[in-house]
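Reader: I would like to go through this structure with you and ask what stands behind the words used for it. Could you show me the sequence and the model?

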Amino acid sequence: KRLSKKSLIMQGRYRHARQGKRVNKQVRKLYSLHAPEVECIAKGKAHKKYEFGCKVSVATTSKDNFVVGSQALHGNPYDGHTLNGAVEQAERLGDFEA
């Protein structure tokens, strides 16, 4: 937490002095000041290369689109590996069978 606060201060100083390379080094350390639980998620798209946040799995019913389960997934796991956990949570929370 202290590193991010110092990086924020230093990048402001470097930007004011028009020292672009130093600014970029400091900005790489900053994800979010107010939410330390966010993670960097690489998207691989030209218009939006990175996103910051947490991946979420949401389970809904097929007919009425009611949300029957949701969970936060830290560490940016592969989407195919999260399906079993979402189905198990939906079955546990409601009286559903997959």
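Author: What follows is a set of questions about terms, each answered from the values. One point comes before the rest: this is a predicted model.

Reader: Thanks, let us begin with charges. What makes Lys-55 and Asp-79 a salt bridge?

Author: The distance does. Their side chains meet at 3.0 Å, N to O, and a salt bridge asks for a Lys or Arg side-chain nitrogen within 4 Å of a carboxyl oxygen of Asp or Glu. The pair therefore satisfies the definition. Lys-55 belongs to strand β3 (residues 55-60) and Asp-79 to the loop between β4 and α3, so this pair, 24 residues apart, links distant parts of the chain. A search of the whole structure finds one salt bridge.

Reader: Why is Lys-55 called partly exposed?

Author: Lys-55 has a relative accessible area of 22%. Buried would need a value under 20%, and exposed one over 50%. The value lies in between, so Lys-55 counts as partly exposed.

Reader: Which residues does Lys-55 touch, leaving aside neighbours within four places in sequence?

Author: Lys-55 is in contact with Ile-41, Gln-71, Ala-72, Leu-73, Asn-76, Pro-77 and Asp-79. As for Glu-39, its C-alpha is 8.9 Å from that of Lys-55, with the two positions 16 residues apart in sequence.

Reader: Some of those names may come back with Thr-82. Is Thr-82 buried or exposed, and how do you know?

Author: Thr-82 has a relative accessible area of 14%. The limit for buried is under 20%, so Thr-82 is buried. Thr-82 sits in the loop between β4 and α3 (83-93). Beyond residues up to four places away in sequence, Thr-82 touches Gln-71, Leu-73 and Pro-77, and Lys-55 has these three among its contacts too.

Reader: And Gln-11, what is behind the word buried there?

Author: The reasoning runs along the same path. Gln-11 has 13% relative accessibility, and with the limit at under 20% the residue therefore counts as buried. Gln-11 is part of helix α1 (residues 2-16). With neighbours within four places left aside, the contacts of Gln-11 are Val-23, Gln-26, Val-27 and Leu-30.

Reader: Let us turn to the surface. What makes the patch with Lys-25 a positive one?

Author: The patch is formed by Lys-21, Arg-22, Lys-25 and Arg-28. Lys and Arg count as positive, so a patch made of these residues is called positive. Lys-25 itself is found in helix α2 (residues 20-27). Its relative accessible area is 54%, and because exposed means over 50%, Lys-25 is exposed.

Reader: There is a nonpolar patch as well. Which residues form it, and why is Val-67 called exposed?

Author: Val-56, Val-58 and Val-67 form that patch, with about 270 Å² of accessible area together. Val-67 is in strand β4 (residues 67-73). With exposed set at over 50%, Val-67 counts as exposed because its relative accessibility is 56%.

Reader: Now the backbone. What is notable about phi of Arg-18?

Author: Phi of Arg-18 is near 60°, a positive value in a residue other than glycine. Arg-18 lies in the loop between α1 and α2. Its relative accessible area is 78%, and the limit for exposed is over 50%, so Arg-18 is exposed.

Reader: What can you say about phi of Asn-65?

Author: Asn-65 is not a glycine either, and its phi is positive at about 60°. Asn-65 belongs to the loop between β3 and β4. Because its 55% relative accessibility is over 50%, Asn-65 counts as exposed.

Reader: One last residue: where is Gly-44, and why is Gly-44 called exposed?

Author: Gly-44 has its place in the loop between β1 (39-42) and β2 (50-53). Its relative accessibility is 73%, and the limit is over 50%, so Gly-44 counts as exposed. From Gly-44 to Asn-65 there are 21 residues in sequence and 30 Å in space, C-alpha to C-alpha.

How values were computed:
Residues are numbered from 1 along each chain as its sequence is written. This is a predicted model: local features need pLDDT of at least 70, side-chain atom pairs count only at pLDDT 80 or more; totals for chains, interfaces and linings use all residues. Side-chain values use heavy atoms; hydrogens and water are left out. Patches are made of residues with over 30% relative accessible area and no salt bridge: like charges are joined within 9 Å, nonpolar side chains (Val, Leu, Ile, Met, Phe, Trp, Tyr) within 5 Å. Accessible areas come from the Shrake-Rupley method with a 1.4 Å probe; for residues, only the protein chains shown count as cover. Helices (H or I, at least four residues) and strands (E, at least two) are DSSP runs, numbered from the N terminus. Buried means under 20% relative accessible area, exposed over 50%, partly exposed in between (1.4 Å probe, protein chains only). Contact means heavy atoms within 4.5 Å. The place of a charge is taken as NZ of Lys, CZ of Arg, CG of Asp or CD of Glu.
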